[in-house]
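This report describes a molecular structure for a reader who is new to the subject. Please examine the sequence and the structure shown below before reading on.

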Amino acid sequence: MVSDIARVLYHESTILSRLDEMAHRITEDYASKEVTVVSILNGSIIFMADLLRRIPLPLQLDSWSVSSYHGTKSRGQIHFRQSQIADVRGRHVLLLDDILDSGLTLQAIKEKLVAESGAASIKSCVLLRKNVQRGVEVEADYVGFDIPNEFVVGYGLDYNERYRNLPFIGVLKEDAIRRHAV
Ligand code: XMP
């Protein structure tokens, strides 16, 4: 599995130090607010677990299962796997996602929340932001790392459901992309 990685971008220790900084800012920004964190599964699961344990606020948590990717390309169509979302009326929603790439996922989720939730505010937090021209106008309010336009895996991020459990973020080799294509 590790041999499929062309190069490591961030080791776990670097990720965790960055999460300390992000958690500190989020804790200050949301002090005395009623917060609901909405995490986008499966990619954000490890990020969520490590970040939330660093935020000492009485927050609530909801998780959404959303899919858009097939292989290394976004299908452009966001599919929500659940029909019901938690009641966040009057609450401050912080969306957590693993990566901001085309922006289609975050945009679709924000639109759904604006239309259906009655939240007092909606902000987003991503671990990674890819340096690409985004076709949609969507920005993240909290960003862990800016990365180049390459397909990355590990620390929750997958390629056709592989590599999520790698304890670092790395660029996947072209050859592994071909071998594990479905
Ligand atoms: P968009 O393009 O909608 O992407 O901003 C959001 C979702 O796509 C997945 N994604 C990736 N997954 N390596 C991955 O393992 C990548 O480089 C990558 N780029 C996008 C991811 O699930 C994200 O939530």
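In this predicted model, strand S5 (92-100) and helix H3 each contribute at least two residues to the shell around the ligand. The largest share of that shell, four residues, is supplied by S5.

**The ligand and its surroundings**

Sixteen residues surround the ligand, and those that come nearest are Asp98, Ser102, Thr105, Val152 and Asp158. By character, the residues of the shell fall into seven nonpolar, three polar and six charged. Three polar contacts with oxygen atoms of the ligand are listed in the table.

| Residue | Part of the residue | Distance to an oxygen atom of the ligand |
|---|---|---|
| Thr105 | polar side-chain atom | 2.5 Å |
| Asp158 | polar backbone atom | 2.7 Å |
| Leu104 | polar backbone atom | 3.5 Å |

On its own, the ligand has 500 Å² of accessible area, of which the protein covers 93%.

**Strand S5 and its partners**

Why can S5 be described as largely enclosed by the rest of the structure? The reason is that nine of its nine residues are buried, that is, each has under 20% relative accessible area. S5 is paired with two strands that are considered here. Strand S2 (residues 35-41) runs parallel to S5 and is joined to it by five bridges; within this pairing, Val37 has Leu94 in S5 as its bridge partner. Strand S6 (residues 121-130) also runs parallel to S5, and eight bridges join the two. Here Asp97 stands opposite Val126 in S6. In general, the strands of a sheet pair through backbone hydrogen bonds, in either a parallel or an antiparallel manner.

**Helix H3**

Helix H3 covers residues 104-116 and therefore has 13 residues; from its first C-alpha to its last it reaches 18 Å, close to the 18 Å expected at 1.5 Å a residue. Its buried residues are Thr105, Leu106, Ala108, Ile109, Lys110, Lys112 and Leu113. Among these buried residues is Thr105, which also appears among the residues that come nearest to the ligand. After H3 comes Gly118, which has a positive phi, near 70 degrees.

**A sheet of three strands**

The model also contains an open sheet of three strands in the order S1-S9-S8, with antiparallel pairing. Its edge strands are S1 (5-10) and S8 (152-153), each of which pairs on one side only. S8 and strand S9 (residues 169-172) run antiparallel and are joined by two bridges. In this pairing, Val153 stands opposite Gly170 in S9. Val152, which lies within S8 (152-153), is one of the residues that come nearest to the ligand.

Methods: Residues numbered from 1 in each chain as written. Predicted model: local features only at pLDDT ≥ 70, side-chain atom pairs only at ≥ 80, totals over all residues. Heavy atoms only, no water. Buried < 20%, exposed > 50% of the residue type's maximum accessible area, 1.4 Å probe, protein only. Pairing = 2+ DSSP bridges. Near = heavy atom within 4 Å. Polar contact = N/O pair within 3.5 Å; in protein donor to acceptor, adjacent residues only side chain to side chain. Areas by Shrake-Rupley, 256 points an atom, 1.4 Å probe, with all protein chains shown as cover. Nonpolar A, V, L, I, M, F, W, Y, C, P; charged D, E, K, R; others polar.
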